[in-house]
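Subject: Structure for you to look at

Hello,

Here is the structure you will be working with. Please open it beside this message, and then read the notes below it.

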Amino acid sequence: MIYQADQTRYSRMDYKRCGRSGIKLPRISLGLWQNFGSVNVFENSRRMVRTAFDHGITHFDLANNYGPEPGSAESCFGQILSKDLRPYRDELIISSKAGYLMWDGPYGEWGSRKNLIASCDQSLKRLGLDYVDIFYHHRPDPDTPLEETMGALDRIVRSGKALYAGISNYPPERARKAFRILRELGTPCLIHQPRYSMLFRDYEKNGLFEVLEEEGVGAIVFSPLAQGMLSGKYLNGIPEDSRASRSDALQKMYLTEEGVAKLRALNGLAVRRGQSLSQMAIAWVLRRPAVTSALIGASSPQQITDICGCLKNPEFSMEELAEIDAVLG
Ligand SMILES: NC(=O)c1ccc[n+]([C@@H]2O[C@H](COP(=O)([O-])OP(=O)(O)OC[C@H]3O[C@@H](n4cnc5c(N)ncnc54)[C@H](OP(=O)(O)O)[C@@H]3O)[C@@H](O)[C@H]2O)c1
């Protein structure tokens, strides 16, 4: 059956301007880091993308290395585009990135012009696209001059292979330098992609959000549920098939006795707000003026529907914010 997007989709989502650019992004965007690889069930991945778009999620975030195997999330999304979303291409913001290890040898990672331009070409082939909307440098490279990396982003935009440039995981001062170089080259940076959630607040403390507001660059924050820790599914143990069931590191970092007690306290507040814990966690990252969009992941269509419900109650009282701070300690 030919897919027809839900006609009500644009009344179901809120959109926010990305920094001082012309682009508005949905408050919730879908990332394809996990659950869209060659090891996953294609029809489930496809249903998630359809569900997201039916809810007005116009932005889909990829990277060269998403899978597993690396590259397969882009191939999967390329198939979904050609089967379902091709007629809607101009309604979509599709992003990709380069910077993490992707192929053997000295050019398969980091921030050289060679790596970024070759990687962008590979991503376009896998996606079956002429251009992506945003192309990011995925992580700062301590050894390559920033001028070279930003020059490569500028070149990718000028050659029509991307419409906008972005950076990810850059600390505030390096981000500020990158923004200056890009501005001087005539390709202002659209967006920064940092990690941010109730359980990871480093960028709140080091002033990144203030830099972004001053510079007029939007923020799309990744892992806003701390990879599902803030979803409520871990309040009474570790369910089978959950991400933590496959990751000792997540269990050790967050699911200690003390960690679960915090999650239970946060869940108590969410219940009083009439929300699921996931909905409250997403509303909480969106409360910051610098944050344009929350970049979620999902393993089922129902999770996406649940998250979108957060838009019904986005406000926090001062007392609620103080209670969250007190719980997190
Ligand atoms: N720039 C970077 O360096 C970088 C790094 C990491 C991620 N990212 C981007 O950020 C995106 C999101 O990252 P993430 O997957 O860590 O995000 P996340 O939203 O923090 O976690 C997603 C996981 O939470 C669980 N979940 C989501 N909604 C749920 C719900 N309503 N109820 C119960 N569980 C729910 C699911 O895990 P289960 O599998 O347990 O169901 C899902 O896979 C990635 O896809 C990628 O695009 C970027």
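I begin in the sheet, with strand 5 (residues 93-98) and strand 6 (residues 132-137), which pair in the parallel sense over four bridges. Please keep in mind throughout that this is a predicted model. One pair to find on the screen is Lys-97 and its bridge partner in strand 6, Tyr-136. Strand 5 also pairs with strand 4 (residues 59-61), again in the parallel sense, here over three bridges. In that pairing, Asp-61 stands opposite Ser-95 of strand 5.

Is strand 5 covered on one face or on both? In a regular strand the side chains alternate between the two faces of the sheet. Ile-93, Ser-95 and Lys-97 lie on one side of strand 5, with Ile-94, Ser-96 and Ala-98 on the other, and all of these are buried. Both faces are thus covered, and the count for strand 5 is six buried residues of six.

The barrel

Strands 4, 5 and 6 belong to a set of eight strands that close into a barrel, in the order 3-4-5-6-7-8-9-10 and with parallel pairing. On average, neighbouring strands of this sheet are turned by 30 degrees against each other, if direction is ignored.

Two helices that pack on this sheet are described here. Helix 6 (residues 172-185) touches strand 7 (162-168) and strand 8 (189-193), and its direction makes about 160 degrees with that of strand 8. Helix 11 (residues 277-286) touches strand 3 (28-31), strand 9 (218-222) and strand 10, and makes about 150 degrees with the direction of strand 10.

How many of the residues of helix 11 are buried? The count is 10 of 10, so helix 11 is largely enclosed by the rest of the structure. Among the buried residues are Leu-277, Met-280, Trp-284 and Leu-286. Their cover includes strand 3, strand 9 and strand 10, together with helix 10 (257-272), helix 12 and helix 13 (318-328).

In helix 6, look at Arg-180. Arg-180 has 14 other C-beta atoms within 10 Å, and a residue needs 20 or more to count as buried, so Arg-180 is classed as partly exposed. Arg-180 and Met-150 are 30 residues apart in sequence, and their C-alpha atoms are 9.8 Å apart in space.

Helix 3 and helix 4

The axes of helix 3 (residues 72-85) and helix 4 (residues 113-127) come within 7 Å and cross at roughly 40 degrees. The two helices are therefore oblique to each other. On the helix 3 side, the contact is made by Glu-74, Ser-75, Phe-77, Gly-78 and Leu-81, which meet Ser-123, Arg-126 and Leu-127 in helix 4. The residues of this contact divide into three nonpolar, three polar and two charged.

Backbone details

Most residues other than glycine have a negative phi, and most peptide bonds are trans. Some places in this model depart from that pattern, and they are listed here.

- The peptide bond from Gly-67 to Pro-68 is cis, with omega near -10 degrees. Pro-68 lies in the loop between strand 4 and helix 3.
- The bond joining Pro-68 and Glu-69 is cis too, with omega about -5 degrees. Glu-69 is also in the loop between strand 4 and helix 3.
- Asn-35 has a positive phi, near 75 degrees. Asn-35 is in the loop between strand 3 and helix 2 (42-54), and is buried, with 21 other C-beta atoms within 10 Å.
- Asn-169 has a positive phi of about 65 degrees. Asn-169 is in the loop between strand 7 and helix 6, and counts as buried with 20 C-beta neighbours inside 10 Å.

The ligand

Which residues are closest to the ligand? The shell around the ligand holds 30 residues, and the closest are Gly-31, Trp-33, Gly-228, Ser-231 and Gly-297. By type, the shell divides into 10 nonpolar, 16 polar and four charged residues. Strand 10 (291-296) and helix 12 (301-308) each supply at least two residues of the shell. Helix 12 gives the most, with three.

Regards

Conventions: Residues are numbered from 1 along each chain as its sequence is written. This is a predicted model: local features need pLDDT of at least 70, side-chain atom pairs count only at pLDDT 80 or more; totals for chains, interfaces and linings use all residues. A residue is near a molecule or strand if its C-beta atom, placed from the backbone, lies within 6 Å of it. Ala, Val, Leu, Ile, Met, Phe, Trp, Tyr, Cys and Pro count as nonpolar, Asp, Glu, Lys and Arg as charged, and the others, Gly among them, as polar. Two strands pair if DSSP finds at least two bridges between them. Axes are lines fitted to C-alpha atoms, for helices over the stretch in contact, and angles run from 0 to 180 degrees between N-to-C directions. Two residues are in contact if their C-beta atoms, placed from the backbone, lie within 7 Å. Angles under 35 degrees count as roughly parallel, over 145 as roughly antiparallel, 65 to 115 as roughly perpendicular and the rest as oblique. A residue is buried if 20 or more other C-beta atoms lie within 10 Å of its own, exposed if 12 or fewer, and partly exposed in between; C-beta atoms are placed from the backbone.
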